[in-house]
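Biologist: Could we go through this structure together? I should like to begin with the contact between the chains and then turn to other points.
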Amino acid sequence: MTQDKPAAQPGAEHRKKRHLGGDLIIPVAGLVFTVYYFSTILDSPWTAQVSAFFVGTILIVLTVIFLTKAAIELRRGDADLHAGAIAEPANLAGTRLILLALTIGYIFVIQFTGFTLTTFIFMTAAMGLLTRGKRMGFVVMLSALVSVAGWALFIYAFKTRFPVGPFERLMDFLV
Amino acid sequence: MEFDPALFIGLIARAFSFWWIILPAIVLGLIVGAVPGFSAANTIIILLPLTLALDPETGLVFMVALYASSRMGAGIPAILVNIPGTAGAAATPLDGYPMTQQGRAHQALAISFVSSVAGGLLTTVMALLALPWLSKVANYLHSVEMIVVMLFGISLIASIAARDTLKGLIAGFFGLMVGLIGADVIYATPRGTMGFLELYDRVPLIPALVGLFAVSEAFVIIERQSIVTDAGRAQYDQSGWPETWEGVRIALSKWWHIIWTSIIGLIIGVVPGAGASIASFVAYQQSKTYSKTPQLYGTGHVEGLVAPESANNGVTSGTLIPLLVIGIPGGATAAIMLVVLQYHGVTIGPALFITSPYLAYGPFAAMAVTYFLMIPFIMPLARYMSKVTVVSTNYMAPLIISFTLVGAFVARGYVFDMYLALVFGLIGYVARKTGYHVAAILIGVILGPLLETYFLRAMKMSQGDLMVLFSSKLGNLLWVALFVSIAMPYFIDWKRARQKQEAPAE
């Protein structure tokens with residue numbers, strides 16, 4: 001059941017390279033963090049140092065092995081430093097960044113405007129972004145329903161400690 | 001502490017008489033278990049005024065029922081949306097989520113429920129019968145052995161969860177390093193806190209869980225229309241009650257698998273601090289090792305779902321054993337139970353089994369009854385909760401982000417914890433996209449402080465001599481097992497590569 005190999009095409013020597021850029025983020029972040037961590041314990045008593053040096057040394061050794069393997073692949077031409085899967089699919093990169101910005105905004109604003117109002121605004125904006133503005137009436141209704149249901153279940157029924165704002169204070173006064 | 005059949009029957013009958021407190025606890029437990037950030041421990045803390053107002057036995061039955069049902073609830077989002085409700089369910093999505101993507105969510109939930117109930121029920125009865133012997137397991141594990149057990153846990157997760165063992169180990173040790181952030185336990189020296197006062201008391205676990213699993217997943221799922229793949233959607237549309245009952249049948253046909261993986265959970269649960277997260281990964285790894293079809297693990301394999309769910313429910317009864325026998329809680333929820341019992345003036349220890357047998361054995365009987373009473377609740381849940389998997393991700397992603405981020409806020413009431421969850425979310429996003437499994441990082445964060453505690457204790461006892469790590473026979477045996485578990489994947493890869501090289505020549 002052997003098949004004849006197809007004839008070599010022009011440019012076939014350009015094998016598909018592995019994109020290592022994304023793969024390097026966590027080891028490099030781990031390495032940088034470990035070095036920073038060590039810098040914070042240099043003048044500390046040994047009890048504060050010993051387990052960090054134990055764990056940190058193993059992490060550094062593992063990272064060095066990983067980086068060495070990556071360097072060998074790069075040198076052989078089997079890999080490049082492109083970001084790879086992290087930035088894929090390219091057509092969603094902008095949407096993802098806007099969603100991230102909305103999330104940061106949500107966390108920043110929630111301490112002033114409380115859970116219900118902020119969740120309503122965030123969900124309307126984020127769902128509007130992801131649906132590209134389609135069915136906005138439904139999006140607004142769904143966001144309102146979910147936010148109020150969240151308030152009723154967690155804040156009113158379970159008395160959970162959620163961020164409080166004008167809506168929660170008003171409902172606390174009314175109900 | 002000898003077994004008496006009359007006492008056993010009496011205990012079960014008495015536990016049934018608490019149905020009025022067990023049923024609401026089951027409903028509450030299933031809800032809080034399913035919502036990341038709302039653990040059973042937090043809920044019991046919130047409801048402390050209620051449990052303290054009840055008499056000790058009723059309060060204990062309520063806490064036990066809530067604990068057992070929350071353990072099962074944690075598997076629901078793990079299967080449906082790849083977000084474990086608690087760290088104990090971190091191994092559940094490995095095969096549960098691929099089943100959902102294939103449109104088999106009903107079946108996966110039914111398998112998870114049957115495994116959880118059967119595993120929980122079985123280990124609870126076993127714990128009841130073998131209490132005197134199981135309580136001794138914890139006595140054999142001292143600081144040195146616990147250090148190796150934890151490193152063993154990290155290496156297991158690294159080899160199971162990540163596609164590349166080296167990446168898994170880097171993720172696990174990165175998690176351990178993050179888990180060491182905070183003030184040191186003796187001199188309170190701040191370490192690696194980046195100047196944030198909120199990190200002096202260690203990295204809080206709920207923001208880590210929420211970020212690594214939920215926030216990162218939300219940023220990934222927007223690439224698809226729904227959680228179920230297009231091919232899986234056709235399967236989902238055709239499935240109904242028959243698929244749910246088929247799931248029950250499949251799970252029951254794996255009865256032997258349920259038995260031995262839940263026993264793994266029970267034994268690990270007895271070890272204080274080890275917990276459900278380690279137990280579920282150990283059970284998963286053992287299940288894969290002895291399986292006839294190890295290559296199917298991670299693709300939606302039934303045994304890969306049965307093992308962690310049986311094991312993490314086995315842990316539930318295991319954690320109560322050291323609590324009631326020697327007064328050492330096996331986990332956070334057990335620790336809160338200890339506080340409640342002490343508030344009522346109950347002295348924990350072997351004497352409790354003689355002076356108040358109903359109070360000492362009662363939690364196990366209550367747990368068995370809880371698992372029994374859960375059955376009518378959970379099957380309709382399997383049928384209707386799976387509908388979430390066909391909801392558009394355009395609506396699911398913002399919902400996941402907002403509700404889980406607020407869940408990160410709840411535990412301590414700091415907005416900082418929401419930002420922390422977002423940072424973990426970004427780490428989780430990179431990890432998911434590049435093959436460093438988020439579970440390995442999370443388990444590292446959980447085990448970091450525990451590892452430090454045991455490491456410091458060992459160093460103190462040996463006056464700083466590192467050779468103490470190799471001073472015990474059991475510890476040395478565990479070291480060998482640890483190195484074998486790390487070396488084994490490389491050995492298997494090498495063997496496979498050699499077989500491939502030899503194959504064309506044949």
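Modeller: The answers below concern a predicted model.

Biologist: How many residues of chain A are in contact with chain B?
Modeller: There are 67 residues of chain A in contact with 65 residues of chain B.

Biologist: What area do chain A and chain B bury between them?
Modeller: The two chains bury about 5,900 Å² between them, and 81% of this is on carbon and sulfur atoms. The size of an interface is often given as the accessible area lost when the parts come together.

Biologist: How many residue pairs are in polar contact between chain A and chain B?
Modeller: The count is 15 residue pairs, with both residues at pLDDT 80 or more.

Biologist: Which helices of chain A supply at least two residues of the side that touches chain B?
Modeller: Helix H1 (25-41), helix H2 (46-76), helix H3 (93-130) and helix H4 (136-157) of chain A each do so. The largest share comes from H3(A), with 17 residues. By class, this side of chain A has 46 nonpolar, 15 polar and six charged residues.

Biologist: And how many salt bridges are there over all chains?
Modeller: The structure holds 13 salt bridges over all chains. One pair crosses from A:Asp23, in the loop between strand S1 (18-19) and H1 of chain A, to B:Lys167, in helix H11 (residues 165-179) of chain B. The closest N and O atoms of A:Asp23 and B:Lys167 are 2.8 Å apart. Across the interface of chain A and chain B, two salt bridges are found.

Biologist: Let us change topic. How many cavities of 30 Å³ or more are there?
Modeller: The count comes to two cavities of 30 Å³ or more. The second largest cavity holds about 70 Å³ of space.

Biologist: Which helices of chain B supply at least two residues each to the lining of the second largest cavity?
Modeller: They are helix H1 (5-16), helix H5 (56-73) and helix H20 (357-385) of chain B. H20(B) gives the most, with five residues. The residues that line this cavity include B:Leu11, B:Phe18, B:Glu57, B:Val61 and B:Tyr358.

Biologist: What is the make-up of that lining by class?
Modeller: The lining of the second largest cavity has nine nonpolar, one polar and two charged residues.

Biologist: Now the backbone. Which residues does a cis peptide bond join?
Modeller: A cis peptide bond joins A:Glu88 and A:Pro89, with omega about -10°. A:Pro89 lies in the loop between strand S2 (79-80) and H3 of chain A.

Biologist: And what is phi of B:Met194?
Modeller: Phi of B:Met194 is near 55°, a positive value in a residue other than glycine. Most residues other than glycine have a negative phi, and most peptide bonds are trans.

Biologist: Where does B:Met194 lie?
Modeller: B:Met194 lies in the loop between strand S2 (190-191) and helix H12 (205-221) of chain B.

Technical notes
Residues numbered from 1 in each chain as written. Chains lettered and ligands numbered in written order. Predicted model: local features only at pLDDT ≥ 70, side-chain atom pairs only at ≥ 80, totals over all residues. Heavy atoms only, no water. 1 Å grid on protein atoms, 1.4 Å probe; cavity = no way out; pocket = protein on both sides within 12 Å on 5 of 7 lines; lining within 4 Å. Points joined across faces, edges and corners; volume = space filled by probe spheres on them. Helix = DSSP H or I, 4+ residues; strand = E, 2+ residues; numbered from the N terminus. Nonpolar A, V, L, I, M, F, W, Y, C, P; charged D, E, K, R; others polar. Contact = heavy atoms within 4.5 Å. Buried area = accessible area lost by both parts, 1.4 Å probe. Salt bridge = Lys/Arg side-chain N within 4 Å of Asp/Glu carboxyl O. Polar contact = N/O pair within 3.5 Å; in protein donor to acceptor, adjacent residues only side chain to side chain.
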